[in-house]
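Visitor: I am new to this structure and would like a close look at a single part of it. Could you choose one helix and take me through it slowly, together with whatever lies around it?

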Amino acid sequence: MSDDPTIGFLKADVARFCAGLDELAPAIRLRLLVQLRAALDEVTDAALDEGMAAAKAEGWGLRQIGGQVGLSHEKVRYRL
């Protein structure tokens, strides 16, 4: 995974949140997990798009950006 300790702290916080759902009814538990996933996707997708735009502004090519973020250059072009 990541060498950045901040990532480890965030992952631990999310794991604690998920562990706290163990006692909830399945419908509530699943709803909260879907909401968590959507919230995290929203935040990280926006940050990823901003980061890709910054890389492009620095002169990075679409293939280079795609290689760093695990997307095809066509997907990078679409998202930018």
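Guide: What follows is a walk along helix H2 and its surroundings, beginning with the chain as a whole.

The model is a predicted one, and its chain holds four helices and zero strands, so that, read along the sequence, the pattern is α-α-α-α. The radius of gyration of the chain is 17 Å, whereas the globule rule gives 12 Å for 80 residues, and the chain is therefore more spread out than a compact globule. Taken along the principal axes, the box filled by the C-alpha atoms is roughly 50 × 25 × 15 Å. Buried residues account for 10% of the 80 residues in the chain, and the accessible surface comes to about 6,300 Å², with 59% of that surface belonging to carbon and sulfur atoms.

Helix H2 covers residues 26–57. Its 32 residues should span 46 Å at 1.5 Å a residue, and because the C-alpha atoms at its two ends are indeed 46 Å apart, the expected and computed spans agree. Before H2 in the sequence comes helix H1, made of residues 5–19, which has 15 residues and reaches 21 Å from its first C-alpha to its last, close to the 21 Å expected. The N-terminal end of H1 is capped by Asp4, which places a side-chain oxygen 2.8 Å from the backbone nitrogen of Thr6.

Which residues of H2 are buried? They are Leu36, Met52 and Ala55, and the cover over the buried residues of H2 includes H1, H3 and helix H4, the last of these being residues 73–79. Two of these buried residues, Met52 and Ala55, also belong to the largest nonpolar core, which has five residues and is completed by Leu62, Ile65 and Val76. The elements that give two or more residues to this core are helix H2 and helix H3, the latter being residues 62–69.

Met52 deserves a closer look. If its neighbours within four places in sequence are left aside, Met52 is in contact with Ile65, Val69, Leu71, Val76, Arg79 and Leu80. Leu80, the last of the residues in that list, sits in the segment after H4, and it counts as partly exposed because its relative accessible area is 39%, between the cut-offs of 20% and 50%. Seen from the side of Leu80, and again without neighbours within four places in sequence, the contacts are Asp49, Met52, Ala53, Lys56 and Leu62. Leu80 and Gln68 are twelve residues apart in sequence, and their C-alpha atoms lie 15 Å apart in space.

Ala57 also lies in helix H2, but unlike the buried residues it counts as exposed, because its relative accessibility is 69% and the cut-off for exposed is over 50%. From Ala57 to Pro5 the separation is 52 residues in sequence and 28 Å in space, C-alpha to C-alpha. Just after H2, Gly59 takes a positive phi of about 100 degrees.

In helix H3, one may turn to Gln64, which is partly exposed with a relative accessible area of 45%. Gln64 and Leu36 are 28 residues apart along the chain, and 31 Å separates their C-alpha atoms. As for the chain's contacts between residues at least 6 apart in sequence, 29% of them join residues at least 24 apart.

Technical notes: Residues numbered from 1 in each chain as written. Predicted model: local features only at pLDDT ≥ 70, side-chain atom pairs only at ≥ 80, totals over all residues. Heavy atoms only, no water. Expected span 1.5 Å × (residues − 1). Polar contact = N/O pair within 3.5 Å; in protein donor to acceptor, adjacent residues only side chain to side chain. Core = buried A, V, L, I, M, F, W, Y, C linked by side-chain atoms within 4.5 Å. Buried < 20%, exposed > 50% of the residue type's maximum accessible area, 1.4 Å probe, protein only. Contact = heavy atoms within 4.5 Å. Rg over C-alpha atoms; globule rule 2.2 N^0.38 Å. Areas by Shrake-Rupley, 256 points an atom, 1.4 Å probe, with all protein chains shown as cover.
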